[in-house]
Amino acid sequence: YLYDSKVPSRLSEFNKLLGNNYGYSKRVYVQSNGNRMGMDFLYGVKYFLGDDTKNGTTGSDQYAGYGFEPYEQIDGVNVFKNKYDSGLGFGYDKVISETEFGKLGRLAREQAVLQAMVLPDETCETIGEEFIANADDMAIDIDDIDYDIVATDRVEFDGNSFSVENFAEEDTKPGFTIHVNGVKDSQMVVSFDNLIRYNLNGVEAGDFCIKARNNKLVAEANNKKNNQTIGGIVDYDLNMGYYNNYDGNIKITITKPGTYTFDKLYVSAMSTENYDKYAQARLESRYEIGQFDSNHVLGTVDAPSDGFMFFSIPSSKNWSVYVDGKKAEKLSKANITFMAVAIDKGIHQIELKHAVQHKQLATCASAVAVLLIIAMGVISIRSRKRQRRN
């Protein structure tokens with residue numbers, strides 16, 4: 001059968017490049033940003049809904065990412081607001097090519113997109129050298145944190161692999177526990193590089209779920225097989241949240257038996273100092289919306305320097321951008337999947353217009369009509385032939 005996905009393919013590619021396992025596990029939707037601070041900023045996430053105290057439902061407040069602060073309570077639900085609300089867009093004074101961006105690790109890319117806008121290599125060739133940044137220019141503040149495997153439960157390690165014997169579905173899931181310390185003022189992420197599962201017959205199988213749990217929250221990465229999942233995923237990053245100071249255990253749970261091989265298992269601490277610095281810098285050129293409706297947005301920006309205006313809208317040919325009343329050349333595939341325009345220093349009015357492609361709709365309708373006419377003709381001919389035979 002066929003289905004129509006409304007998620008642009010490059011949006012899945014963007015999530016894959018940044019290791020957001022919640023963003024590309026399905027072809028047809030993006031589940032979340034994994035509460036990662038850089039991605040929440042880039043997407044313009046403004047609010048986080050926490051505990052529902054009215055109905056006694058708790059367990060959500062602690063998932064609010066760094067930068068989300070208690071705001072108000074609506075109908076018993078705790079609402080957190082992002083102090084770094086980037087809205088629909090903001091400005092950059094630097095760009096980096098997709099090739100240079102690809103030289104960085106997945107988590108480093110989350111920090112890099114706060115410093116420079118990613119553009120296709122061919123687009124970067126048309127942009128002045130004063131705007132171009134390289135991978136080495138990015139300020140990356142991510143530390144590998146020492147950890148020890150302090151306990152195993154039906155899991156046997158052998159170098160860069162571990163084996164899990166068969167177990168019943170109703171059994172408590174096997175796993176192992178790692179002890180971590182030294183995480184300060186950082187977002188903590190547990191990562192697997194090139195994690196592959198082989199079933200008990202030694203055949204590469206996939207189809208598993210890895211869960212990481214501590215006394216604050218649970219994160220998971222899925223490798224599920226069905227008709228909507230995206231195949232070939234082997235890198236997994238599980239965000240364990242923000243901590244002023246962390247010293248404790250993380251339990252890793254395995255859902256399927258077999259042998260798992262990996263290139264690297266590691267814990268990272270992503271500095272909030274770096275995030276604070278560059279998120280604030282981007283907000284200096286935030287797009288301020290004055291009015292909008294379903295297919296039109298009008299706003300202003302005060303650009304502190306020449307550069308580029310980024311919009312957290314997946315790029316499509318249906319969108320047009322006007323700067324100070326003049327149609328501007330749109331930069332597609334900004335930050336892999338979104339759109340942007342070049343702007344000069346100063347105050348500008350920027351208008352976004354979305355137009356339905358009536359020509360395309362008419363073409364599709366005409367094609368369907370032709371197919372229906374042909375089908376009706378075939379049915380009519382067959383009907384007449386049956387009547388003659390009778």
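Lys 333 lies in strand β24, which comprises residues 331-334. The structure described here is a predicted model. Although Lys 333 is not a glycine, its phi is positive, at about 60°. The relative accessible area of Lys 333 is 37%, so this residue is classed as partly exposed.

A second residue with a positive phi follows in the loop between β24 and β25 (338-343), where Ile 336 is found. Ile 336 is not a glycine either, and its phi is about 80°. Is Ile 336 buried or exposed? With a relative accessibility of 3%, Ile 336 counts as buried, because buried means under 20% relative accessible area.

**An open sheet**

Strands of a sheet pair through backbone hydrogen bonds, either parallel or antiparallel. In this model, four strands form an open sheet in the order β10-β11-β17-β13, and their pairing is antiparallel. Which strands stand at the edges? The edge positions belong to β10 (155-157) and β13; each has a single partner strand, so one side of each is left without a neighbour in the sheet. From one strand to the next, the twist averages 20°.

The pairing of β13 can be described in further detail. Strand β13 and strand β17 (residues 258-261) are joined in the antiparallel sense over three bridges. Opposite Thr 259 in β17 stands Tyr 198.

**Two pockets**

The largest pocket has a volume of about 350 Å³. Its lining consists of 25 residues, and those closest to the centre are Asn 223, Lys 224, Ile 230, Ile 233 and Tyr 236. Two elements give two or more residues to this lining, namely β13 (196-198) and β15 (218-223). Strand β13 therefore appears both at an edge of the open sheet and among the elements that line the largest pocket.

The second largest pocket has a volume of about 290 Å³. It is lined by 20 residues, and Tyr 22, Gly 34, Asn 35, Tyr 63 and Val 218 lie nearest its centre. Here β15 and β16 (236-254) each supply at least two residues of the lining. Strand β15 thus contributes to the lining of the largest pocket and to that of the second largest pocket.

The table gives the composition of each lining by residue class.

| Pocket | Nonpolar | Polar | Charged |
|---|---|---|---|
| Largest pocket | 10 residues | 10 residues | five residues |
| Second largest pocket | nine residues | nine residues | two residues |

Methods:
Residues numbered from 1 in each chain as written. Predicted model: local features only at pLDDT ≥ 70, side-chain atom pairs only at ≥ 80, totals over all residues. Heavy atoms only, no water. 1 Å grid on protein atoms, 1.4 Å probe; cavity = no way out; pocket = protein on both sides within 12 Å on 5 of 7 lines; lining within 4 Å. Points joined across faces, edges and corners; volume = space filled by probe spheres on them. Nonpolar A, V, L, I, M, F, W, Y, C, P; charged D, E, K, R; others polar. Pairing = 2+ DSSP bridges. Axes fitted to C-alpha atoms, helices over the stretch in contact; angles between N-to-C directions. Buried < 20%, exposed > 50% of the residue type's maximum accessible area, 1.4 Å probe, protein only.
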